[in-house]
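Thanks for sharing this one. Here are some notes to help a newcomer find a way around it.

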Amino acid sequence: MLYNKSAVYIGIVILVILLTSPFWVGLFGHNYTSTGITTPKDQATCIENADFMRAQHMRLLNEWRDKALRDETRTYVATDGKKWEISLQNTCMRCHTNYKSFCEKCHLSNSVSPYCWTCHIIPTEGK
Amino acid sequence: MNTNRRKFLKIASLSAFALSSGVASLGLGAKEAQAQLAPGAYGHGDKSLHAKRWAMVIDTREFKTAADYEPLIKACHRAHNVPDIPGNKNIKWLWLDSYEHCFPDDMNPHLSTKMQQAVFPLLCNHCTNPPCVRVCPTQATYKMADGIVAMDYHRCIGCRFCMAGCPYGARSFNFFDPRKYLPEPTNPSFPTRMIGVVEKCTFCAERLAKGQLPACVEASNGKILFGDLEDPNSTVRKALAANYSIRRKPNLGTQPGVYYLI
């Protein structure tokens, strides 16, 4: 004996739809392709190639911090021979002036929240 | 002796040797962990200044009143975004105090009136034996090869052991978010600090790397000298050779790198 047959069946259907909802969103929803960040227009390349920077910039920044603060080697000679001052504010942010559409956009889509900006100063135009 | 037993002892003693001598730990893992990540190379800037041991000589005879030190303090605090917080929780990089507070080892109760009224500039002494470095549990503060006692604010956990260790009161704790007292950073090319870290004078290591002398030295018009203590021909060594100088609390054995011409 099953009481309230129709309500139970509707409930089961709703439950199945809810449980499988991630698949439906993935199948018919908007596809994730890019974080939509805008890179600086006036520069062709970053200090190293884009793939390396995309994957390793956080580790590179850590290495830069240790090299500059502890070993006092405050100049980085990139593979193309170009010399850069090791500084987040004076080198990175000179080109990547727009914090909102570069750093923040990508960090938000990847749900990471680095706390660089409690001390380092964001360029005024990108706040 | 039984051969089996003999063999066992051989293997046991060899393994004990290997374990205790560190042969076993000579794996590749340790070396790989230290490998450099960046494909480029690290080096010094073309214009950067180098020394074996940086030191400062302050000619206090050239300063008459507290107002004479004002431009120096302003230059330092502007260059490093140091806030001015009213009360006893202020941040001090370069500050002033009386003779008896600066040089408490001098127990003479009858100082000259000139000395009683004088003020002296105080900053981190960048000691040869820095107590702050010894007590820091995270190695957030450390002594560099050129004698500068530096800080890595990223590593500071705000335990304030260094403040207890420093006999000169040269370290300040950020009880508040310093940016609240610094509505606009006065120098956009230098970071601020955050709540919960300790900070102090850096001997302007970031300026030396660009070939500039420390901000206070630059603002003093030659009344403060800065140079290599190991080089007998440096300005600081010449000034020390020609004048009577004192250092703060010398009996503690910290060997300060800041000298006062009195």
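The points below go from chain A as a whole to the contact between the chains and then to the nonpolar core.

1. A word before you start: please keep in mind that this is a predicted model.

2. Let's begin with the make-up of chain A. It has five helices and two strands. Following the sequence, you will meet them in the order α-α-α-β-β-α-α, with the two strands sitting between three helices before and two after.

3. Next, have a look at the overall form of chain A. Its C-alpha trace spans about 80 × 30 × 30 Å along the principal axes. The radius of gyration is 24 Å, whereas a compact globule of 127 residues would have one near 14 Å. Buried residues account for 13% of the 127 residues in this chain.

4. How are the contacts of chain A spread along the sequence? Among those with a separation of 6 or more, 60% are between residues 24 or more positions apart.

5. One residue worth finding on the display is A:Arg70, in the loop between α3 (50-69) and β1 of chain A. Is A:Arg70 buried or exposed? The answer lies in between: A:Arg70 is partly exposed because 14 other C-beta atoms lie within 10 Å, and a buried residue would need 20 or more while an exposed one would have 12 or fewer. For a sense of distance, A:Arg70 is 58 residues from A:Ile12 in sequence, and their C-alpha atoms are 63 Å apart in space.

6. Now to the place where the chains meet. Here 25 residues of chain B are in contact with 23 residues of chain A. On the chain B side, strand β1 (residues 41-43) gives the largest share, three residues. By character, that side of chain B has 15 nonpolar, eight polar and two charged residues.

7. Which strands join the two chains? Strand β1 of chain A (residues 75-77) pairs with β1(B) in the antiparallel sense, over three bridges. To see one of the bridges, look for A:Tyr76, whose partner in β1(B) is B:Tyr42.

8. Finally, turn to the largest nonpolar core, which holds 66 residues. The members that touch the most others are B:Met56, B:Cys76, B:Leu94, B:Leu123 and B:Cys216. B:Cys76 is a good one to click on: setting aside its neighbours within four places in sequence, B:Cys76 is in contact with B:Trp93, B:Leu94, B:Ala215 and B:Cys216. Of these partners, B:Leu94 and B:Cys216 are also in the list of core members that touch the most others.

Methods: Residues numbered from 1 in each chain as written. Chains lettered and ligands numbered in written order. Predicted model: local features only at pLDDT ≥ 70, side-chain atom pairs only at ≥ 80, totals over all residues. Core = buried A, V, L, I, M, F, W, Y, C linked by C-beta atoms within 7 Å. Contact = placed C-beta atoms within 7 Å. Helix = DSSP H or I, 4+ residues; strand = E, 2+ residues; numbered from the N terminus. Nonpolar A, V, L, I, M, F, W, Y, C, P; charged D, E, K, R; others polar. Pairing = 2+ DSSP bridges. Rg over C-alpha atoms; globule rule 2.2 N^0.38 Å.
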